[in-house]
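Visitor: I'd like to know how the words used for a structure follow from its numbers. Could you walk me through that?

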Amino acid sequence: MAYNHKEVFSKPDRLAGGHRMCAGCGAPVAVRSVLRALKEEDKAVIGSATGCLEVSTFMYPYTSWKDSFIHNAFENAGATVSGAEAAYVALKRKGKLNETYKFIAFGGDGGTYDIGFQSLSGAMERGHDMVYVCYDNGAYMNTGIQRSSATPKYADTTTTPTGTESDGKTQYRKDLTSIMVSHNIPYVAQTTFVGNFKDIHEKSEKAIYTEGPTFLNVLAPCPRGWRYDAADMMQMCKLAVDTCFWPLFEVINGEYKLSYKPKKKLPIEEFLKPQGRFKHLFKKGNEHLIADMQAEVDRRWEELLRKCGEL
């Protein structure tokens with residue numbers, strides 16, 4: 001279906017306002033963007049791993065979710081939503097249910113890349129008809145900004161503090177999107193909030209209406225953890241994409257397709273500079289740390305271009 005910006009944004013929100021997410025947080029933007037891809041007549045069962053999103057949108061007996069909502073433990077969103085989908089299939093088979101439901105799990109990078117990876121991997125491998133959406137803000141933000149395997153190298157977090165003996169996190173971030181591709185599922189995509197939201201909308205629509213297990217990895221900036229001005233969230237996403245720190249692409253039945261190629265690829269420092277978690281990189285004598293990050297970004301970008309047939 002062709003993207004119609006006015007039509008998409010005229011749909012009623014399926015995540016109500018009045019929740020307690022921080023101003024400038026990417027997580028509720030990710031949720032609204034994904035849920036707008038649902039047909040209005042379709043119902044959804046949604047699970048959310050414990051994290052910023054869950055604790056701020058659901059405080060019993062109040063909820064911001066207009067669809068059926070399940071609060072999961074930190075580690076089991078994949079298992080819970082796949083279980084609900086299996087029950088739905090059984091009820092449909094027995095003729096006890098005629099309505100159409102879609103099954104969507106949301107989790108932050110801590111509950112997806114790390115402690116929730118086992119249940120996510122199992123749900124994808126078993127072939128459940130569901131979408132798993134990771135809102136990747138690059139750390140365990142809800143519990144105090146601790147590093148996760150999605151945290152970029154050299155980031156200053158509460159468990160990788162910078163100082164005279166440390167330059168921040170010592171490892172490169174995990175490439176979870178590629179790991180999900182290796183599960184041989186029909187649709188995997190990486191996206192964020194750029195332009196008029198066309199990219200995330202179209203990929204969400206494909207993910208929801210592709211039969212079988214699908215996965216979306218959404219860069220969702222966090223003003224508290226990244227330490228940028230809350231009003232600059234969209235700019236942070238644009239810089240992540242234009243520096244190729246967060247490339248936009250999709251993989252359909254194993255075939256890679258690049259969604260966006262910057263006309264002018266920006267140096268990585270353009271993405272790092274506005275973020276307080278990287279301010280130590282710009283001290284005199286730390287130029288080699290930025291060069292190290294640039295080399296890794298370039299390596300991953302060239303590898304993706306080859307997979308997409310662009311090189």
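**From values to words**

Guide: Let's begin with a cysteine: Cys222 is buried, since its relative accessible area is 10%. Please keep in mind that this is a predicted model.

Visitor: What makes Cys222 count as buried?

Guide: The cut-off for buried is under 20% relative accessible area. Cys222 has 10%, so the word fits. The label also suits Cys25, because its relative accessible area is 13%.

Visitor: How do you know how many disulfides there are?

Guide: A disulfide calls for two cysteine sulfur atoms within 2.5 Å. By that rule the count is 0 disulfides. For Cys25, the closest cysteine sulfur belongs to Cys222 and is 6.2 Å away, which is too far for a bond. Cys222 is in no disulfide either, as its nearest cysteine sulfur, in Cys52, lies 6.1 Å away.

Visitor: Let's move on to helices. How do you know whether the length of α4 agrees with what a helix should span?

Guide: Helix α4 covers residues 77-93, which is 17 residues. At 1.5 Å a residue the expected span is 24 Å, and the end C-alpha atoms are 24 Å apart, so the two agree. Just after α4 comes Gly95, with a positive phi near 75 degrees.

Visitor: Which residues of α4 are buried, and what do they pack against?

Guide: The buried ones are Ala77, Gly78, Val81, Ser82, Ala84, Glu85, Tyr88 and Ala90. They pack against the strands β1 (43-48), β4 (68-71), β5 (101-108) and β6 (131-136), and against helix α6 (117-126).

Visitor: What makes Ser82 a buried residue?

Guide: Ser82, in helix α4, has 2% relative accessibility, so Ser82 counts as buried. Setting aside neighbours within four places in sequence, Ser82 is in contact with Ala123, Arg126, His128 and Met130. The C-alpha atoms of Ser82 and Ala123 are 5.9 Å apart, although 41 residues separate the two along the chain.

Visitor: And does the same arithmetic apply to α8, or what span should that helix have?

Guide: Helix α8 runs over residues 198-209, and its 12 residues should span 16 Å at 1.5 Å a residue. The end C-alpha atoms of α8 are 17 Å apart, which agrees. Among the buried residues of α8 are Asp199, Ile200, His201 and Lys203.

Visitor: Why is β5 called largely enclosed?

Guide: Because 8 of the 8 residues of β5 are buried, the strand is largely enclosed by the rest of the structure. Tyr101, Phe103, Ala105 and Gly107 point one way, while Lys102, Ile104, Phe106 and Gly108 point the other way, and all are buried. In a regular strand, side chains alternate between the two faces of the sheet.

Visitor: What makes β5 a partner of β1 and of β6?

Guide: Pairing asks for at least two bridges between strands. β1 and β5 run parallel and are joined by 6 bridges, with Val45 having Phe103 as its bridge partner in β5. β5 and β6 pair in the parallel sense over 5 bridges, and there Ile104 has Val131 as its partner in β6.

Visitor: Which strands pair with β11, and in what sense?

Guide: Strand β9 (residues 187-191) is joined to β11 (residues 249-252) by 4 bridges, running antiparallel. β11 also pairs with β12 (residues 255-258), antiparallel over 4 bridges. Tyr187 has Ile252 as its partner in β11, and Ile252 stands opposite Glu255 in β12. β11 and β12 form a hairpin with 2 residues between them, and Asn253 in that turn has a positive phi of about 50 degrees.

Visitor: How many residues does the largest nonpolar core have?

Guide: That core has 94 residues, and those with the most contacts inside it include Trp65, Ile104, Phe106 and Phe271. Its largest share, 7 residues, comes from α12. In soluble globular proteins, nonpolar side chains tend to be buried together. Not counting residues up to four places away in sequence, Phe271 touches Trp226, Met236, Leu239, Ala240, Thr243 and Phe245.

Visitor: One last stop. Why is Asn286 called buried?

Guide: Asn286 has 14% relative accessibility, so Asn286 counts as buried. Asn286 is in the loop between α11 (269-272) and α12 (287-307). A polar atom of the Asn286 side chain lies 2.7 Å from the backbone oxygen of His280.

Technical notes
Residues are numbered from 1 along each chain as its sequence is written. This is a predicted model: local features need pLDDT of at least 70, side-chain atom pairs count only at pLDDT 80 or more; totals for chains, interfaces and linings use all residues. Side-chain values use heavy atoms; hydrogens and water are left out. The expected span of a helix is 1.5 Å times one less than its number of residues. Buried means under 20% relative accessible area, exposed over 50%, partly exposed in between (1.4 Å probe, protein chains only). A polar contact is a pair of N or O atoms within 3.5 Å; within protein, one must be able to donate a hydrogen and the other to accept it, and residues adjacent in sequence count only if both atoms are side-chain atoms. A nonpolar core is a set of buried Ala, Val, Leu, Ile, Met, Phe, Trp, Tyr and Cys residues joined through side-chain atoms within 4.5 Å. Contact means heavy atoms within 4.5 Å.
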